Amino acid sequence: MALLPRLATAALLLSALAGCGGAGSGADGERLTIAATAVPHAEILEVVKPLLAKDGIDLQVRIFNDYVQPNDQVVQGQIDVNYFQTEPYLDAYNRDRGTDLTTLVGVHIEPFGAYSRRYTSLDAVPEGADVVIPNDPSNNSRALILLHHSGVITLRDPDDALATLRDITANPKNLKFRELDAAMLPRVLDQVDLALINTNYALDAGLDPGKDALAIEGKDSPYVNFLVGRPDKRDDPRVQKLIAALTSEDVRSFIQGKYKDAVIPAF
């Protein structure tokens with residue numbers, strides 16, 4: 001007689017475990033998971049959450065402090081979509097790993113900047129200065145292109161979105177370049193002469209790109225930050241509602257009011 005209650009209990013336990021499973025497996029089928037870096041992406045998503053809640057979607061934001069795991073977990077199906085990267089970065093990730101993640105919608109631009117605690121202008125940066133730049137292919141090139149357009153170095157092709165240190169044809173100040181993980185750059189700013197830092201990490205470290213950057217990309221920067229997912233997510237109704245919310249006037253007003261020129265809507 002005790003067998004049936006035990007079977008019922010086991011069934012309930014299995015059902016509960018299934019409800020704690022991977023991406024998009026909420027009890028009501030309307031949970032949507034998204035990976036993001038903290039600033040400004042996760043902050044923008046906090047504005048989006050109540051907009052989606054009105055449509056019955058529970059947006060769960062998982063914050064990362066690197067640029068690899070958010071893509072890895074979307075590829076593996078552990079998270080539905082992510083929001084942190086530019087298209088050149090995504091292209092390099094797909095090429096290196098043989099994956100096919102795709103852009104879903106462009107949301108904002110974060111002008112990339114050069115920072116220093118020791119000098120107040122690029123002209124003041126001395127010969128042989130210690131310069132740190134991101135080590136991932138896309139942001140590495142972005143840093144070099146900014147220095148080229150600022151007259152600090154010369155690149156063979158400043159339009160090459162994957163230019164490397166090997167493409168420097170002139171380095172008048174004999175700058176000494178080191179490549180570090182992008183998230184590390186604000187942490188070593190006090191220890192180097194110049195650091196090229198992604199705006200999300202600059203903001204997270206309390207820097208004001210509009211005031212603190214010695215050089216910064218213009219508003220015409222091609223490096224839009226995208227919502228990204230697997231190709232099968234493009235027609236997911238939950239993702240379509242997320243796209244609509246991310247490109248809403250509520251989000252535009254929030255970005256312009258909170259970040260000024262440090263983050264620029266791309267829609």
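**Two sheets and their helices**

Gln85 has Phe226 of strand S12 as its bridge partner. That pair belongs to the antiparallel pairing of S3 with S12 (residues 224-229), which runs over 5 bridges. The model discussed here is a predicted one, and this contact between strands is a handy way into it.

On the whole-chain level, there are 9 helices and 13 strands. Of the 267 residues, 49% count as buried. As for contacts between residues at least 6 apart in sequence, 73% of them join residues at least 24 apart.

S3 sits in an open sheet of 6 strands, ordered S2-S1-S3-S12-S4-S13 and mixed in its pairing. The edges are taken by strand S2 (58-64) and strand S13 (264-265); each has a single partner strand, so one side of each has no neighbour in the sheet. S3 itself is mostly covered, with 6 of its 6 residues buried. Along with S12, strand S3 has S1 as a partner: S1 and S3 run parallel and are joined by 3 bridges. Within S3, Tyr83 is the bridge partner of Ala36. On the far side of S12 in the strand order comes S4, and those two strands, S4 and S12, run antiparallel with 6 bridges between them. Here Ile109 has Val224 of S12 as its bridge partner. Helix H8 packs on this sheet and touches S1, S2, S3, S4 and S12, with its direction at about 50° to that of S1.

Now for what fills the space around these elements. The largest nonpolar core has 28 residues, and the ones with the most contacts inside it are Ile34, Val48, Leu59, Tyr83, Leu227, Leu242 and Leu246. Two or more residues each come from strand S1 (31-37), helix H2 (38-53), strand S3 (81-86), strand S4 (102-109), helix H8 (237-246) and helix H9 (249-259). H2 gives the most, with 6 residues. Leu246 makes a good example of how this core is wired: setting aside neighbours within four places in sequence, Leu246 is in contact with Ile44, Leu45, Val48, Tyr83, Val107, Leu227, Val251 and Phe267. A second, separate core has 23 residues, Ile145, Val152, Ile153 and Phe177 among them.

Two of the helices that feed the largest core, H2 and H9, also pack against each other. Two packed helices are described by the angle between their axes and the distance between the axes. For H2 and H9, the axes come within 10 Å and cross at roughly 145°, and the crossing is right-handed. From H2, the residues involved are Pro40, Glu43, Ile44, Val47, Val48 and Leu51; they meet Asp250, Val251, Phe254, Ile255, Lys258 and Tyr259 of H9. By class, this contact has 9 nonpolar, no polar and 3 charged residues. Val48 turns up here as well as among the residues with the most contacts inside the largest core.

The other sheet is also open, with 5 strands in the order S9-S6-S10-S5-S11 and mixed pairing. Its edge strands are S9 (176-180) and S11 (215-216), each pairing on one side only. Helix H5 (residues 137-149) packs on this sheet, touching S5, S6 (130-134), S9, S10 and S11, and its direction makes about 135° with that of S6. Strand S6 is mostly covered, since 4 of its 5 residues count as buried under the cut-off of 20% relative accessible area. S6 pairs with S9 in the parallel sense over 5 bridges, and with S10, again parallel, over 2 bridges. Val132 takes part in both pairings: its bridge partner in S9 is Arg178, and its bridge partner in S10 is Ala195. Next in the strand order after S10 comes S5. Strands S5 (residues 113-115) and S10 (residues 194-197) pair in the antiparallel sense over 3 bridges, with Gly113 bridged to Ile197 of S10.

One residue of H5 deserves a closer look. Asn139 is found in that helix, and with a relative accessibility of 3%, Asn139 counts as buried. Not counting residues up to four places away in sequence, Asn139 touches Tyr67, Tyr89, Phe112, Pro134 and Asn198.

Conventions
Residues are numbered from 1 along each chain as its sequence is written. This is a predicted model: local features need pLDDT of at least 70, side-chain atom pairs count only at pLDDT 80 or more; totals for chains, interfaces and linings use all residues. Side-chain values use heavy atoms; hydrogens and water are left out. Two strands pair if DSSP finds at least two bridges between them. Contact means heavy atoms within 4.5 Å. Axes are lines fitted to C-alpha atoms, for helices over the stretch in contact, and angles run from 0 to 180 degrees between N-to-C directions. A nonpolar core is a set of buried Ala, Val, Leu, Ile, Met, Phe, Trp, Tyr and Cys residues joined through side-chain atoms within 4.5 Å. Buried means under 20% relative accessible area, exposed over 50%, partly exposed in between (1.4 Å probe, protein chains only). A crossing is left-handed if the near helix is turned anticlockwise from the far one by less than a right angle, and right-handed if clockwise. Ala, Val, Leu, Ile, Met, Phe, Trp, Tyr, Cys and Pro count as nonpolar, Asp, Glu, Lys and Arg as charged, and the others, Gly among them, as polar.
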